[in-house]
Each structure stands twice: as structure tokens, then as C-alpha cells.
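Me: I have a structure open and would like to learn how to read it. Could we take it feature by feature?

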Amino acid sequence: MLEDKIDGNEVDQWSEISGILQQKSMECSIKSKSSLRARYSYGIIFLITNLIAWFVRDYGERALPLLQHSKSCGIGGSECSHTMGVLRVSLGCFIFFLVMFLTTCFTSKLCEVRNGWHSGLWILKFVMLITVMVIPFFIPSDYIQLYGEFARVGAGVFLALQLISVIEFITWWNNYWMPDERKKQSCSLGLFMSTICYIASICGILVMYVLYASKTSCSLNIFFISWTAILLVVMMAVSLHSKVNRGLLSSGIMASYVVFLCWSAIRSEPATLKCSPQQQNSGNGGWTTVIGFLIGICAIVMATFSTGIDSQTFQFRKDKGQSEDDIPYKYGFFHLVFSLGAMYFAMLFISWNLDGLPRKWSIDVGWASTWVKIVNEWFAATIYLWKLILPAVRQTKVMDNEEPEQEMDNSTSV
């Protein structure tokens, strides 16, 4: 009888412990899903601030008469529209995500209070967002101009993070489709994808020559396109080298990306009769301009969102495993990327020019934008080639170090 009671008590204890663990698991699952949903809410906030920046830039002087009564906005509210208006909206967005970064950067567990702040309390965060969006319109223009200089640096950092994230994704994709005895289909599909990418890259080069470099007077465009073609050949040759042996898929995807950057850079040039097949009017533009503008805004949001959730790429120490109560992504890095993204969209809306007057319904048009994209292309190719060559160089150094040790062992044995 005593043994039966003891066994019964143990069963009750185990069932109680099991119930507690199941309840805790359910709570962690709910908090994790709430955290994942929060990412999209922040993405929507970022999209709304982009649209506000566009509206203030193009129509703020006429549609927002209250700005004319602010001393910081100058006569007729001119200092709160156009370029300065974009910078003021960008500053508000930057402050919001900077505050979120400072309050969530060391969060590691779902049970922490900071996790609840990141995933909930949306009314309070909405009030905070409205406040930080309004405050910059009462800041003197000299300080806004100083923020614009700072935003150039932040936008450059954002571009570097985005490039690293893209290259890491290309590397992962290449490893996923690498030939494997257990995955015969992946080899053929990877070969097919690499062929498609190279065909698209070559066609892109030829089309750019026809559209943007058909005359010898377009020497700058000829240089841009020719150098891009050289980069494609170099990346393919290095990728196929016996000491690197990374296949054609990664270099093919990277080739497509580099060609896209070159095309985007040339498209950002101010339209001229001799080197551009299209005329960019100074007016509102047609439906193609509007659609291109909306696609550009969506591209900014998607680039910021995808880089923000890719925190594992930028970890110095990779986590060996993730427990059930760990946060699903790094909140601090996520908000830091969005704060840098606020500077980035400001530069795109004003074409990286703090003193110019942006054209309506345009994003990233001008010589400054062109050179930023071209340098971005060259930087992307350099990072990719460095990632290809580095493992081979390390392996060569290891082999060189091992040979003297073997010679010493042989001499001592003799």
C-alpha cells in the first residue's frame, strides 16, 4: 500500500511538471508568433514614413498650410518641404527606430519585459511615432542640414550591410544547390539556374549597349557597361579556378545582380538627348513614372526589411543552438537597420544632394545617385571576389606551414 502511494505521488508530480512545461511551451510559442508579426508592423510604419516623406517633398508646401506658421519652416514653409522636408521626416523616423534600438538591443529571451515592449504596446508607440515625426518640423534648418550630412554616412553603412546580406544569401543559395550524391536533382537545377543567370546578364549587357551607349560620345556609359562586362568575366574565371572551385551558380547570380546595379546607375543619370532613349519631363509624368516610383518605394522597404531580419549574417559568434524561449531574431539589429534605412530613403528621395531641388515623382535621379550606385556595384564585386579568394589563400597558408613541420619531423627521424 505504501509503495502504491509513493508511485501515485510520483506520477502526479510528473504530470504536474509536464503540464507546467506544456503551458510554458505554449506561452513561448504565442510570444514568438507575436514577435514575428511585429516585424511586419514595423515594416508598415517604415512604408508610411516613406509615403509621408514623398508627400511632404512634392506637395507639402501647398497641402500643409500649418507649416507656414512655423518659424523653422521659413517664409511660406519652404524650409519644411522639398529636400528639407524629406530630411525632417527622415529624422523623425530615425529617432523612432533609434529609441527602439536602445530599448531592445540586449533582449535575448521571450520572457523579458523588453520583448513585450518590442511586440506590443502599439498605442504608446504610435503616440511616440507621431511625437518624433512632428518635433523635427520645429528644429532650425541648420541642424537639419547637419543631420543630412550625417545621413549620408548612415546611408552608406546601410548599403554596405545590404551588400553583405545579399552576398551571404547568394553563397547560401549556391551551397544549397551544390552537386550532391543524395540530391541529383539539385545539380541539374543549379546548372539550369546558373545558365539562366548568365544568359540574362549577357542580354542585359547587350541591351545597355544598344540603349545607353549606341554613340561614341556616350563614353561614360561605355566605360560603365564595359567594366561591368569585365567584372562578369573575372568573377566567372575566379569561381571556376581549381583552387576556388565554387561553380557557376553563385557567380551567375552575382553577375545578374551586378548588371542590375549598372543598369540602375545608368537609369539614374539625368536624361540627355545623346545617351538616353527616354525623356524625363519635369512634370508629374505618366503612369510609367508613377508605377516606377511606387515600385521604388516598395524596393526600399523590402531591402530594409530583408536586411533587418538577417541578423545571423552579422554575428561574430554563431549560436550553436536556439532554445524555445530565445527570441526569433535580434531586435536590436532589426531596429538599427531600420534607423539606417531612414537615412537611406532620405538620400534616395533627395538624390544624395542636400542643396538640390528634387523632381516630382522621382527617386534617386542625378549624377550623385549614379556614382553612388556605380561605386556600390564595384564594392559588391570586390566583396564577392574577396569571399571567393579568401578560403583558397587560407588553405595555401596552412599547407605552407605544414610542409616545414613535416620536413623537421623527417630530419629528426633520420
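Me: What pattern does the protein chain follow, read along the sequence?

Reply: This is a predicted model. Along the sequence the pattern is α-α-α-α-α-α-α-α-α-α-α. In total the protein chain has 11 helices and 0 strands.

Me: How many of the residues of the protein chain count as buried?

Reply: Of its 414 residues, 42% are buried. Contacts can be read in a similar way. Taking those between residues at least 6 apart in sequence, 78% join residues at least 24 apart.

Me: How do I describe two helices that pack together?

Reply: Two packed helices are described by the angle between their axes and the distance between the axes. Take helix α7 (residues 219-240) and helix α8 (residues 249-267): they pack at about 170 degrees, and their axes are 9 Å apart. Angles over 145 degrees count as roughly antiparallel, and α7 and α8 are therefore roughly antiparallel to each other.

Me: Which residues of α7 and α8 meet?

Reply: From α7, the residues include Phe-224, Ile-225, Leu-231, Leu-232 and Met-235. Among those they meet in α8 are Met-254, Ala-255, Val-258, Val-259 and Ile-266. Sorted by class, this contact of α7 with α8 has 12 nonpolar, 5 polar and no charged residues.

Me: Is α8 mostly covered or mostly uncovered?

Reply: Mostly covered, as 15 of the 19 residues of α8 are buried. For its length, compare the reach with the expected value: α8 spans 27 Å from its first C-alpha to its last, close to the 27 Å expected at 1.5 Å a residue.

Me: Where is there another pair of helices to practise on?

Reply: Try α2 (residues 82-104) with helix α10 (residues 331-349). Their axes come within 7 Å and cross at roughly 170 degrees. That makes α2 roughly antiparallel to α10. In α2, the residues that meet α10 include Val-86, Phe-94, Phe-97 and Phe-101. On the α10 side, among them are Tyr-331, Leu-336, Phe-338 and Phe-345. The contact of α2 with α10 divides into 17 nonpolar, 5 polar and no charged residues.

Me: What can a single residue of α2 show, Thr-103 for instance?

Reply: Begin with exposure. Thr-103 has a relative accessible area of 30% and is partly exposed. Then compare sequence with space: Thr-103 and Tyr-331 are 228 residues apart in sequence, yet 9.4 Å apart from C-alpha to C-alpha. Setting aside neighbours within four places in sequence, Thr-103 is in contact with Arg-114 and Trp-117.

Me: How do I tell which face of a helix is buried?

Reply: Look down the axis and note where the buried residues point. Helix α4 (residues 122-134) serves as the case, with 13 residues and a reach of 18 Å from its first C-alpha to its last, close to the 18 Å expected at 1.5 Å a residue. Its buried residues are Lys-125, Met-128, Leu-129, Val-132 and Met-133. Seen down the axis of α4, they fall within an arc of 130 degrees, so they line one face of the helix. Exposed Ile-123, Leu-124 and Phe-126 are on the face of α4 turned away from the buried side.

Me: What should I look for in a loop?

Reply: One thing is the sign of phi. Most residues other than glycine have a negative phi, and most peptide bonds are trans. In the loop between α10 and α11, Ser-351 has a positive phi near 60 degrees. Trp-352 is found in the loop between α10 and α11 and has a positive phi of about 65 degrees, although it is not a glycine.

Me: Are Ser-351 and Trp-352 buried or exposed?

Reply: Ser-351 counts as buried at 11% relative accessibility, and Trp-352 is buried with a relative accessible area of 10%. The cut-off for buried is under 20%.

Me: Which residues does Trp-352 touch, leaving out those up to four places away in sequence?

Reply: They include Arg-152, Leu-159, Tyr-344, Met-347, Asp-364 and Val-372. Trp-352 also gives another comparison of sequence with space: Trp-352 and Thr-83 are 269 residues apart in sequence and 9.9 Å apart in space, C-alpha to C-alpha.

Key: Residues are numbered from 1 along each chain as its sequence is written. This is a predicted model: local features need pLDDT of at least 70, side-chain atom pairs count only at pLDDT 80 or more; totals for chains, interfaces and linings use all residues. Side-chain values use heavy atoms; hydrogens and water are left out. Axes are lines fitted to C-alpha atoms, for helices over the stretch in contact, and angles run from 0 to 180 degrees between N-to-C directions. Helices (H or I, at least four residues) and strands (E, at least two) are DSSP runs, numbered from the N terminus. Angles under 35 degrees count as roughly parallel, over 145 as roughly antiparallel, 65 to 115 as roughly perpendicular and the rest as oblique. Contact means heavy atoms within 4.5 Å. Ala, Val, Leu, Ile, Met, Phe, Trp, Tyr, Cys and Pro count as nonpolar, Asp, Glu, Lys and Arg as charged, and the others, Gly among them, as polar. The expected span of a helix is 1.5 Å times one less than its number of residues. Buried means under 20% relative accessible area, exposed over 50%, partly exposed in between (1.4 Å probe, protein chains only). The arc is that of the directions from the helix axis to the C-beta atoms.
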